[in-house]
Amino acid sequence: MRKAALRSALSDKVLNGELILLDAITMAEPKTKAFAEFLHRFEVRNALVVLDAVDENIAKSARNIQGVEPVEATGINVYNILAHGKLIMTKDAVAKVEEVLG
């Protein structure tokens, strides 16, 4: 049941154009302003940022931005997906989620 609900939530984001898929997201150092500018380029104010692995620079950069939550792909859940307007994922994160959903 959990996998079906997760698939459904992800599908909903795709169908509604709320998924932003990127090759990678990297930050040389933790800078909230730089991460806010990154989000602004995509016109995003409320987003779940799904990464394939924990990235401390992204986590520190995003923690002070209201409505933005970085999460590792293995920690993704239906509530987090539905609670955020946009879903930003890297290609590697998609691959990890696909593994989990098998």
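Which residues are exposed on the other side of H5? In this predicted model, a good place to begin is the buried side of that helix. Helix H5 spans residues 91–101, and its buried residues are Ala93, Val97 and Leu101. Viewed down the axis of H5, these buried residues fall within an arc of 75 degrees, so they line one face of the helix. The answer to the opening question lies opposite, where Glu98 and Glu99 are exposed. Just after H5 comes Gly102, with a positive phi near 35 degrees.

The buried residues of H5 find their packing partners in helix H1 (2–15), E2 and strand E4 (86–90). With H1, the helix axes come within 10 Å and cross at roughly 145 degrees. On the H1 side, Lys3, Leu6, Arg7 and Leu10 make the contact, and they meet Val97, Val100 and Leu101 of H5. By residue class, this contact of H1 with H5 comprises 5 nonpolar and 2 charged residues, with no polar ones.

Turning to the interior, the largest nonpolar core holds 16 residues, and those with the most contacts inside it are Ile25, Phe35, Leu39, Val49, Val68 and Ile88. Two or more residues of this core come from each of strand E1 (19–22), helix H2 (32–41), strand E2 (47–51) and helix H3 (56–62). A second core, separate from this one, has 14 residues, among them Ala9, Val50, Leu87 and Leu101. Leu101 is also one of the buried residues of H5.

Phe35 offers a closer view of the packing. Beyond its neighbours within four places in sequence, Phe35 is in contact with Ile25, Met27, Val49, Ile58, Ser61, Ala62, Ile65 and Val68.

Definitions and conventions: Residues are numbered from 1 along each chain as its sequence is written. This is a predicted model: local features need pLDDT of at least 70, side-chain atom pairs count only at pLDDT 80 or more; totals for chains, interfaces and linings use all residues. Side-chain values use heavy atoms; hydrogens and water are left out. A nonpolar core is a set of buried Ala, Val, Leu, Ile, Met, Phe, Trp, Tyr and Cys residues joined through side-chain atoms within 4.5 Å. Buried means under 20% relative accessible area, exposed over 50%, partly exposed in between (1.4 Å probe, protein chains only). Helices (H or I, at least four residues) and strands (E, at least two) are DSSP runs, numbered from the N terminus. Contact means heavy atoms within 4.5 Å. The arc is that of the directions from the helix axis to the C-beta atoms. Axes are lines fitted to C-alpha atoms, for helices over the stretch in contact, and angles run from 0 to 180 degrees between N-to-C directions. Ala, Val, Leu, Ile, Met, Phe, Trp, Tyr, Cys and Pro count as nonpolar, Asp, Glu, Lys and Arg as charged, and the others, Gly among them, as polar.
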